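Dear colleague,

I am passing on the structure we spoke of, and my notes on its interior follow below it. Please read them with the coordinates open.

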Amino acid sequence: LIEPMPSGTKYRMEYRVGIEPIFMANLEKKNTADIVWIVEGEKKAGITFIALDNPEVQIIGLPKSPSDELLKEICAKTVYYVPDPDVTKKWRDRIAQNFADIRVIEVVDKIDDWIIRNDITKENLQTLARQARRIR
């Protein structure tokens, strides 16, 4: 990012690869964790995973508009969805319909920026999870 790309293309893949990018922060759990947090993008997933500091939880970074097929492949008993503040209700509902037990965690900024700017601890994130609004 020494030479930033034009506005709106900062983190886009350089080449089309024909598959949807997905990032799993907890390599040991892969797709077997009972609890999964879904965020947008690998940077957010990595920072959230480090801050949460819980080896039993998987943090998945998805593209902005993941396909239903991709979402249905996520195996978890409970999903915590942390949308960016600019995500519309339509997109939130679309993601929510793919899970039996999904809870939404609302933050005032993008999760990675919010964690870094406010020195958020794992205790803060655990509290957010306990207070998350169940929508399904």
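In helix H3 (residues 89-96), the buried residues are Arg92, Arg94, Ile95 and Ala96, where buried means under 20% relative accessible area with a 1.4 Å probe, counting protein chains only. Their cover includes helix H2 (68-72), strand S4 (78-81) and strand S5 (102-104); helices (H or I, at least four residues) and strands (E, at least two) are DSSP runs numbered from the N terminus.

The model is predicted, so that local features need pLDDT of at least 70 and side-chain atom pairs count only at pLDDT 80 or more, while totals for chains, interfaces and linings use all residues. Residues are numbered from 1 along each chain as its sequence is written, and side-chain values use heavy atoms, with hydrogens and water left out.

The largest nonpolar core (buried Ala, Val, Leu, Ile, Met, Phe, Trp, Tyr and Cys residues joined through side-chain atoms within 4.5 Å) has 21 residues, of which Trp37, Ile59, Ile105, Ile111, Trp114, Ile115 and Leu125 touch the most other members. At least two residues of this core come from each of strand S2 (35-40), helix H1 (42-52), strand S3 (57-62), helix H4 (111-117) and helix H5 (122-131), and H1 gives the most, with four. Apart from this core lies another, of 16 residues, including Ile38, Ile74, Tyr81 and Ile95.

Overall, the chain has five helices and six strands, which follow the pattern β-β-α-β-α-β-α-β-α-α-β along the sequence, and 40% of its 136 residues count as buried.

With best regards

Note on methods: Buried < 20%, exposed > 50% of the residue type's maximum accessible area, 1.4 Å probe, protein only. Contact = heavy atoms within 4.5 Å.
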